[in-house]
Amino acid sequence: IIAIPLTTRAIRDSTSDATTLAAINQLLSLFSQSLDNKDFEALRDVYTEDAVLGGAGTPPLTGIEPILDFYRTAFANESLVSIHTVDTVLGANFTETTASSSSFANVYYLGPPVFERAGFLFRNSSVVFREKISNDYVKREGHWKVQRQTQFDILSIEGDTSLLQPLPEPPAEDEGED
């Protein structure tokens with residue numbers, strides 16, 4: 001994966017730069033909410049049809065369908081709750097139709113509930129990690145979307161990482177029973 005460095009410049013006293021940065025922050029919030037709510041179809045409003053999603057050490061995914069399939073698989077465990085927060089967004093390289101950002105994400109995964117009391121579910125296992133994300137955006141038909149997302153290194157991780165393991169395959173059905 002080739003990471004394009006951001007040419008950092010301060011946001012000018014420009015209404016268009018401030019508006020672009022606000023739109024990018026809203027897009028990152030929609031990204032987080034979509035993952036946390038397992039509303040993967042909403043990610044169509046985040047990524048372009050030809051988007052590229054890459055990460056450290058993994059081959060990039062190209063196109064909205066492979067990206068949606070990736071997230072559906074990654075979040076297949078219905079008992080796992082996630083909370084994504086994106087912060088420290090540094091926007092750069094603004095034009096009328098393109099922009100870039102570098103940000104950090106905190107991701108909290110909470111394991112299955114162990115008991116319920118007064119309508120609240122209590123969980124005793126969790127994992128949290130912080131990662132760096134770089135996005136390139138395009139503005140099409142008046143809306144900003146992610147055209148390329150690179151998820152860099154996980155900067156820190158704490159907790160029960162076994163929560164992030166893939167679900168076991170279901171047992172094969174016996175076909176030869178008489």
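**Figure 1. Contacts of Glu41 in the predicted model.** Apart from its neighbours within four places in sequence, Glu41 touches Leu68 and Arg72, and the model in which these contacts appear is a predicted one. The position of Glu41 is in the loop between α1 and β1, where the residue is partly exposed, its relative accessible area being 42%. With Arg72, the relation extends to the side chains, which are joined by a polar contact of 2.6 Å. Along the chain Glu41 and Arg72 stand 31 residues apart, and their C-alpha atoms are separated by 9.8 Å.

**Figure 2. The overall arrangement that frames the close-up views.** The protein contains 2 helices and 8 strands, and these follow one another along the sequence in the pattern α-β-β-α-β-β-β-β-β-β. Of its 178 residues, 35% count as buried. Among the contacts in the protein with a separation of 6 or more, 60% are made by residues that lie 24 or more positions apart.

**Figure 3. The aromatic pair of Phe75 and Tyr109, and the ring cluster to which both belong.** The structure holds 7 aromatic pairs. One of these is formed by Phe75 and Tyr109, whose rings are tilted, with 6.2 Å from centre to centre and 35° between the planes. Phe75 lies in the loop between α2 (64-74) and β3 (81-92), whereas Tyr109 lies in strand β4 (residues 98-110), so the pair ties together parts that are 34 residues apart in sequence. Both Phe75 and Tyr109 are buried. Ring pairs link these two residues with Phe31, Phe40, Tyr47, Phe70, Tyr71 and Phe129 into a cluster.

**Figure 4. Asn135, a buried residue of strand β7.** Asn135 lies in strand β7, which covers residues 126-140, and its relative accessible area is 0%, so the residue counts as buried, the limit being under 20%. The side chain of Asn135 makes a polar contact of 3.1 Å with the side chain of Tyr137. When neighbours within four places in sequence are left aside, the residues in contact with Asn135 are Leu28, Ala99, Ser100, Ser101, Val146, Arg148 and Gln149.

**Figure 5. The second largest pocket and its lining.** The volume of the second largest pocket is about 310 Å³. The pocket is lined by 14 residues, of which Arg44, Asp45, His143, Trp144 and Lys145 are the closest to its centre. Two or more lining residues are given by each of the elements α1 (15-36), β1 (47-55) and β8 (143-159), and the largest share, 4 residues, comes from α1. By residue type, the lining of this pocket divides into 5 nonpolar, 3 polar and 6 charged residues.

**Figure 6. Two loop residues with a positive phi, Lys38 and Glu141.** Most residues other than glycine have a negative phi. Lys38, which is found in the loop between α1 and β1, has a phi near 55°, a positive value in a residue other than glycine. Glu141 likewise has a positive phi, near 50°, and its place is in the loop between β7 and β8. With a relative accessibility of 81%, Glu141 counts as exposed, because the cut-off for that class is over 50%.

Key
Residues are numbered from 1 along each chain as its sequence is written. This is a predicted model: local features need pLDDT of at least 70, side-chain atom pairs count only at pLDDT 80 or more; totals for chains, interfaces and linings use all residues. Side-chain values use heavy atoms; hydrogens and water are left out. On a 1 Å grid over the protein atoms alone, a cavity is a set of points where a 1.4 Å probe fits but cannot get out, and a pocket is an open set with protein on both sides within 12 Å along at least five of seven lines; lining residues have an atom within 4 Å of a point. Grid points are joined across faces, edges and corners, and a volume is the space filled by probe spheres set on the points. Ala, Val, Leu, Ile, Met, Phe, Trp, Tyr, Cys and Pro count as nonpolar, Asp, Glu, Lys and Arg as charged, and the others, Gly among them, as polar. Buried means under 20% relative accessible area, exposed over 50%, partly exposed in between (1.4 Å probe, protein chains only). Contact means heavy atoms within 4.5 Å. A polar contact is a pair of N or O atoms within 3.5 Å; within protein, one must be able to donate a hydrogen and the other to accept it, and residues adjacent in sequence count only if both atoms are side-chain atoms. Rings of Phe, Tyr and Trp (its six-membered ring) pair if their centres lie within 6.5 Å; planes under 30 degrees apart count as stacked, over 60 as edge-to-face and the rest as tilted.
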